[in-house]
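Here are some notes for a colleague who is opening this structure for the first time. They are arranged as numbered points, to be read with the structure in view.

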Amino acid sequence: MDKQKADEILTKYLPKIYGFAIKNAFSYDEAEDICADIVRALYESLLKSEEIYNLDGYIWRISRHAYSKYVSSVKKHQGVSIDGVFLPFEDTYGFEDNKEEIFRLRREIAFLTKTRREIVYAYYYKDKSIACISKEMKIPEGTVKWHLSKARHELKEGIATERKIGKLGMKPVKATCIGHSGDPGLNGGPEYYLNDSLNLNIVYSVYYTPRTKEEIAEELGVTPVFIEDKIDTLETNGFLVRKAGGKFTTYVRFNPETYSLEKWEAATKKQLEIAQLLAGDYADSVRQAIGGIHDVFIPSGNRELLEAAAIFYGVANKCHLETKKDLSPYYIKTTAGGDFIAFVEIPSAQSDPGYTPLLNLPSMRACGNMIRWSDKYPVYSWSIDTRYCSREGGWQNNLTSDYESLYEFITGAIADDRASADKFQRLRQRKFLSDDNKINIMVVKGSAEEFFARIPELDNAVKKTFADYALEYAQALARDYPPQMRDLIISWTAGGFVGNTVALMVMDILYANGTFQALTDREKITSNLILFTDVLPLGTKTENAGKSGSGLTKQEPCPA
């Protein structure tokens, strides 16, 4: 733009520019200084410009820009500056030469503590006095000044620092499975908190290395502003644990990012050996131990269902090793009443891709032990979901109300009518009741405590045959985990070396060698599920167990 055109524009807008300066100044002298700065900046900018489409907006942006620089370097009534880096009041200025500087400043403001960030914003963006901020935030004026001084120092250091986005900022982890051991509480366990991708990565960011809020933000490639509330929620509910120096860690168990197939196969072979051992004498001892229990309803009349459930329970719960580790730090206690150990499965890569396994096993996944009990009725259920059952939905679909409704049906408290339609629909959905109102799950009259007390513990001499191997394997595995997780890994791995996986292997052996008959579709509904209560379904008939070589007690289903 030529000089004559620029002079015409300045002459036209000078009264408005001076009015702007008067409005934002505390004296006429200061207004003249502000006006002079604006005119100088505007004149230089006009000479560099060729064509301006929105002259009013252009003048406004230049005026605010010049005033902001004045505030930062000259305006003494505020008491501090940010070391020559101005903080604009509006987002409407458009000067490319300051774009990077402004971005870095705003980024560093986001890394201030919440209190300092609020004070800086109020002081510079809102142009509030120290006295006003003190009153609004209910802190002394001296404290406001101290925070501003500290903020100035931190901002200066931060702007000179090259912040790097961490690994999780470029490649966040994704959960393939989230689970728990314990009471999920009203919100439904760790899934409620960790299904959120940002929450999950916040927790994972402190898994191997304790970090402060600011360090978490850097690792995730975000500013603390966006994660402070999430961090507070995760800490309040036990997923983050505060350590010295304002750093956080976690006791949520994540699997390592790599695994050795060779090590897994070696351990699995040992578990198969143990399963072969337990499928003999130990399984027989369990069958004998429950042989005297006759007050039982079994839908198909096949007592093997009860024996198989008892054996599974015994292997999973009475053959484990005692590791004497304190696991109390690992229990997460949420504000919704949750009290559980949380674990998250994330994708992992094979560390020995050249190794070809010899084993080809079916799924060894088991969900349980799942316990449900009622404060309303004398009902208590135990179940473990595996590929031997047809139940779906896992623990989330296993509701106490299911067993309460079934108890009401057994005792005649409800009938299949409109008033109880929802309850019957639910029971049929789970297949606990057939369409013609036949009960499809095992019912034992008596207490679960007495029933499970009959199941023998594994002899210590037998435990010694695999105890050393289990402990050695657990200690080796624990080295792949961060230090705060190792007691849990050793306890779960060594203590649970004989657990659900071995119990499932024992079932495979017993069904394969003909000890137990193949399950029918109806039997899969109640496989490894027992309801304990004080009454059996009407029409239940029992026979003397001694009449059958297998200890079979024949049951008849409840009539329609």
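1. Contact, as the word is used in these notes, means heavy atoms within 4.5 Å. Helices (H or I, at least four residues) and strands (E, at least two) are DSSP runs, numbered from the N terminus. The model is predicted, so local features need pLDDT of at least 70 and side-chain atom pairs count only at pLDDT 80 or more, while totals for chains, interfaces and linings use all residues. Residues are numbered from 1 along each chain as its sequence is written, and side-chain values use heavy atoms, with hydrogens and water left out.

2. Helices H10 and H11 are a convenient place to begin. Leu198, Asn201, Ile202 and Ser205 in H10 meet Ile216, Glu219 and Leu220 in H11, and the residues of this contact divide into 4 nonpolar, 2 polar and 1 charged. The two helices pack at an angle of about 115 degrees, with their axes 10 Å apart; axes here are lines fitted to C-alpha atoms, for helices over the stretch in contact, and angles run from 0 to 180 degrees between N-to-C directions.

3. The loop between helix H10 (197-205) and helix H11 (213-220) holds threonine 212. Threonine 212 is buried, with a relative accessible area of 14%, where buried means under 20% relative accessible area (1.4 Å probe, protein chains only). Not counting residues up to four places away in sequence, threonine 212 touches Gly245, Gly246 and Lys247.

4. A second helix pair lies later in the chain numbering: helix H18 (residues 460-478) and helix H19 (residues 486-495) pack at an angle of about 145 degrees, with their axes 8 Å apart. On the H18 side, the residues that meet H19 include Ala470, Leu471 and Tyr473, and on the H19 side Arg486, Ile489 and Ile490 are among those in the contact. By class, the contact of H18 with H19 has 9 nonpolar, 2 polar and 1 charged residues.

5. How many residues of H19 are buried? H19 is mostly covered, with 7 of its 10 residues buried, among them Leu488, Ser491 and Gly495. What covers the buried residues of H19 includes strand S4 (253-254), strand S8 (339-345) and H18.

6. An open sheet is formed by 5 strands in the order S6-S12-S13-S11-S10, with mixed pairing; two strands pair if DSSP finds at least two bridges between them. Strand S6 (296-297) and strand S10 (367-373) stand at the edges, each with a single partner strand, so one side of each is left without a neighbour in the sheet. S6 is joined by 2 bridges to strand S12 (residues 442-445), and these strands run antiparallel; valine 443 in S12 is the bridge partner of phenylalanine 297. Helix H14 (residues 304-318) lies across S6, S10, S11, S12 and S13, running at about 80 degrees to S12.

7. Of the 53 residues in the largest nonpolar core (a set of buried Ala, Val, Leu, Ile, Met, Phe, Trp, Tyr and Cys residues joined through side-chain atoms within 4.5 Å), Leu278, Phe451 and Val506 touch the most other members. The elements that give two or more residues to this core include helix H13 (261-289), helix H17 (448-454) and helix H20 (500-512), while the largest share, 10 residues, comes from H14. Leaving aside neighbours within four places in sequence, the residues in contact with leucine 278 include Val315, Leu458 and Val506. A second, separate core of 41 residues includes Val173, Val203, Val206 and Ala336.

Definitions and conventions. Nonpolar A, V, L, I, M, F, W, Y, C, P; charged D, E, K, R; others polar. Buried < 20%, exposed > 50% of the residue type's maximum accessible area, 1.4 Å probe, protein only.
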